[in-house]
Amino acid sequence: MCGIVGYVGSKEATPVLINGLKKLEYRGYDSAGIAVLSESADEILVRKSKGALKFLEAKIADEVIKGSVGIGHTRWATHGEPSDLNSHPHTNVSGTIAVVHNGIIENYAKLKAWLQDQGIVFRSQTDTEVIAHLINYFYEKSGELFKAVLETLHKLEGSYALGVVCTKYPDRLIAARKESPLIVGLGKDENFIASDVPAVLEYTRDVYYLDQKEIAVLYSDHVDLFNEDGEKIHKEPSHVEWDLSSAEKDGYAHFMLKEIHEQPKVLDATIKAHVVYDEKKNPVDLTFSKEIESDRINEMIQNAKRIVITACGTSYHAGMVGKYAFEKFARIPTVVDVASEFRYRNPILNKDDVFIVISQSGETADTLAAMRLAKENGAKVIAITNVVGSTVSREADFVIYTLAGPEIAVASTKAYTTQLACLYMISMMFGYKNGKLPEAEYKKLLNELIKIPELSQKILENQEDVQKFASRQFNKSKIFYIGRQFDSASSLESALKLKEVSYMHCEAFAAGELKHGPIALIDNDTLVVAIATCPELYEKLVSNIVEVKSRGATTMCITQNKAEMSKACDEILEIPETDSTLESILSIIPAQLFAYYCSVQKGIDPDKPRNLAKSVTVE
Ligand code: M6R
């Protein structure tokens, strides 16, 4: 949801800002803009353009914008259509203060009306413009920029990550955050702000992850940090371990394809981080000791009466797989809730509930709100997240990281499979420790789990089959995914992937539900993809496939049992065999590839699907 960058140093700011925005374009791409303090500091040079960043680049290609302090923005529109006028940065009337913003100012209408009463004429339809005018209003009263920003922040309701520059203070850049993520990059004689680490990684690995309501004032040679009351605070910078190459395409046509292909590697890292081996190198146990104090977690497992999982989108689908895993391995009743629903239905929480939140970004507004509500009600929260330093990671009681590396493509792939790996591991650990999963079974599962990365590689080696299948099916008017149990969760995620990147109309159904209504939709222009990895349910699924085939649908099956399922299906995408409960990590990979290739066939950029943003930091 919008990306912001900022620079103060001795280099020309413009190329640094544009470079940073390129790394953040996944956060929003309907317009982009920069504001650079002119060398003489008498004006702010604002350039902005509707559309992808390349249009802004083209606009400024023949221009030399000189100045070494600036801010930039790539937008995912919330208030006001994508247009040059609504693009950020926004300025006060005289153009002496410029602001970039990520988030939503919920009380902007009231603030705008009040400012209009003071005679301010607004130029855009955005909520952000009020911030520039408010800072100006308070600045005119006190003559101090920091004080004016502070007073403005106190008036804002909603979420923000902000970058502010002002001609009267040409040596600095002010940044602040509430809800929306913001980091400060610490360079040598230069400092940066950004919505995400990749934007600064070319220049520094040392960053501050700003906490709620913290404010940073950046100069070229140092950074001062403040709390919401304007009192100076101290915090230690964090060192980023991963490489910039993790955030680049590495020769792949798209980030989505690259990230699908990274799955064997990142699954291996995520699983191996927790597996304990005996002296003969057999996997014998799991440890979460790095993240979780074992006494506290043991107590939690022994007392657990119910697992409550909350997340959004793909992470929610991972939670659905988690439900089956917890109920199977640990025999603990498990409910899964969409985070945006959970927070508004006065949920019933008990002290013996174990609350799990799943969030790739660790910044999803609804997931954060659900987690906070659970904590307020006394629940202990385990978070599964991919981003070190994210809000979820800082506020949860226990954190388990998916070691997926930065996920840039909007459509989540490697984060999902590593989330599944974590959920399998936690549920197995719960089952083993609460005595519901016998030791022999536990060790057998561990043995299978560590082979999953290698098996996922085998699927990728056969990606051409999926590509060919996509080239035959990409113009079907309707696509349905069906499955039972674990496979019904995988169907939901498969359908979401296809919708997101190919815009094809695709739905997922628990296969048994077909005849209760959805079968009415089946005709000759329908593709039905069955996911069949539960051996005890093959027969039932075969019946469902026969039912849709006899009504004209083309059928395809993702399964480890080609012999059984080819009896009914037109086409099979075979996946390797493992313990059937773990197959969900594998069965999603052909579906991810199918979505990717349908997108490419349709001429869509799968990395930047329309209307979507990577990280949904607003409600
Ligand atoms: O960062 P999170 O895991 O909290 O994000 C949740 C959803 O917004 C996200 O999974 C979304 O559905 C993706 N676009 C899926 O590909």
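**Exercise 1. Between which parts of the chain does the second largest pocket lie, and why?**

*Solution.* The model treated here is predicted, and the first step is to set out how its chain is divided, namely into domain 1 (3–247), domain 2 (255–450) and domain 3 (463–601). The next step is to ask which of these domains give residues to the lining: domain 2 (255–450) and domain 3 (463–601) both do, so the second largest pocket lies between them.

The elements of the lining can then be named, since helix 9 (313–330), strand 20 (353–359), helix 11 (365–376) and helix 17 (486–502) each supply at least two residues. Helix 9 gives the largest share, with four residues. The pocket holds about 560 Å³ of space, and among the 28 residues that line it, Cys-312, Gly-313, Thr-314, Lys-614 and Val-616 lie nearest its centre. By class, the lining consists of twelve nonpolar, eleven polar and five charged residues.

**Exercise 2. Describe the largest pocket by its volume, its lining and the domains from which that lining is drawn.**

*Solution.* Begin with the volume, which is about 780 Å³ for the largest pocket. This pocket is lined by 45 residues, and those closest to its centre are Trp-242, Asn-386, Val-387, Val-388 and Pro-406.

Turn next to the domains: domain 1 (3–247) and domain 2 (255–450) each contribute at least three residues to the lining of the largest pocket. Among the helices and strands, strand 15 (238–239) and helix 7 (263–272) each supply at least two lining residues, and helix 7 gives the most, with three residues. Finally, sorting the lining by class gives 19 nonpolar, 13 polar and 13 charged residues.

**Exercise 3. How many cavities of 30 Å³ or more does the structure hold, and which residues line the largest and the second largest cavity?**

*Solution.* The structure holds three cavities of 30 Å³ or more. The largest has a volume of about 70 Å³, and its lining is made by Cys-2, Arg-75, Trp-76, Thr-78, His-79, His-88, His-101, Gly-103, Thr-126, Asp-127 and Thr-128. Sorted by class, these residues are two nonpolar, seven polar and two charged.

The second largest cavity contains about 50 Å³ of space, and it is lined by Val-5, Gly-6, Val-16, Leu-17, Gly-20, Phe-192, Ile-193, Ala-194, Ala-199, Val-200 and Tyr-203. Here the classes are nine nonpolar, two polar and no charged residues, while strand 1 (3–8), helix 1 (13–24) and strand 10 (191–194) each supply at least two residues of the lining.

Two of these lining residues, Phe-192 and Tyr-203, return in an aromatic cluster that they form together with Tyr-7.

**Exercise 4. Work out how the rings of Trp-114 and Tyr-137 are arranged, and which parts of the chain this pair ties together.**

*Solution.* The structure has a count of 14 aromatic pairs. In the pair of Trp-114 and Tyr-137, the centres are 4.8 Å apart and the angle between the planes is 80°. Planes over 60 degrees apart count as edge-to-face, and the pair of Trp-114 and Tyr-137 is accordingly edge-to-face.

For the second part, place each residue in its element: Trp-114 lies in helix 3 (residues 108–117) and Tyr-137 in helix 4 (residues 129–142), so the pair ties together parts that are 23 residues apart in sequence. Trp-114 is partly exposed, with a relative accessible area of 34%, and Tyr-137 is also partly exposed, at 22% relative accessibility.

A ring can also have a charge over it, as at Tyr-503, where the charged end of Arg-610 sits 3.8 Å from the ring centre.

**Exercise 5. Where in the chain are Pro-89, Lys-213 and Gln-485 found, and what is notable in the backbone at each?**

*Solution.* Take Pro-89 to begin with, which lies in the loop between strand 4 (69–75) and strand 5 (90–91); the peptide bond leading to it from His-88 is cis, with omega near 0°. His-88 is also one of the residues that line the largest cavity.

Lys-213 is found in the loop between strand 11 (206–209) and strand 12 (215–218), and although it is not a glycine it has a positive phi of about 65°. Gln-485, found in the loop between strand 23 (478–483) and helix 17, has a positive phi near 55°, again in a residue other than glycine. As for accessibility, Lys-213 counts as partly exposed at 33%, and Gln-485 counts as partly exposed at 41%.

Note on methods. Residues are numbered from 1 along each chain as its sequence is written. This is a predicted model: local features need pLDDT of at least 70, side-chain atom pairs count only at pLDDT 80 or more; totals for chains, interfaces and linings use all residues. Side-chain values use heavy atoms; hydrogens and water are left out. On a 1 Å grid over the protein atoms alone, a cavity is a set of points where a 1.4 Å probe fits but cannot get out, and a pocket is an open set with protein on both sides within 12 Å along at least five of seven lines; lining residues have an atom within 4 Å of a point. Grid points are joined across faces, edges and corners, and a volume is the space filled by probe spheres set on the points. Ala, Val, Leu, Ile, Met, Phe, Trp, Tyr, Cys and Pro count as nonpolar, Asp, Glu, Lys and Arg as charged, and the others, Gly among them, as polar. Domain bounds come from an automatic or database domain assignment. Rings of Phe, Tyr and Trp (its six-membered ring) pair if their centres lie within 6.5 Å; planes under 30 degrees apart count as stacked, over 60 as edge-to-face and the rest as tilted. Buried means under 20% relative accessible area, exposed over 50%, partly exposed in between (1.4 Å probe, protein chains only). A charge sits over a ring if NZ of Lys or CZ of Arg is within 6 Å of the ring centre and within 35 degrees of the ring normal.
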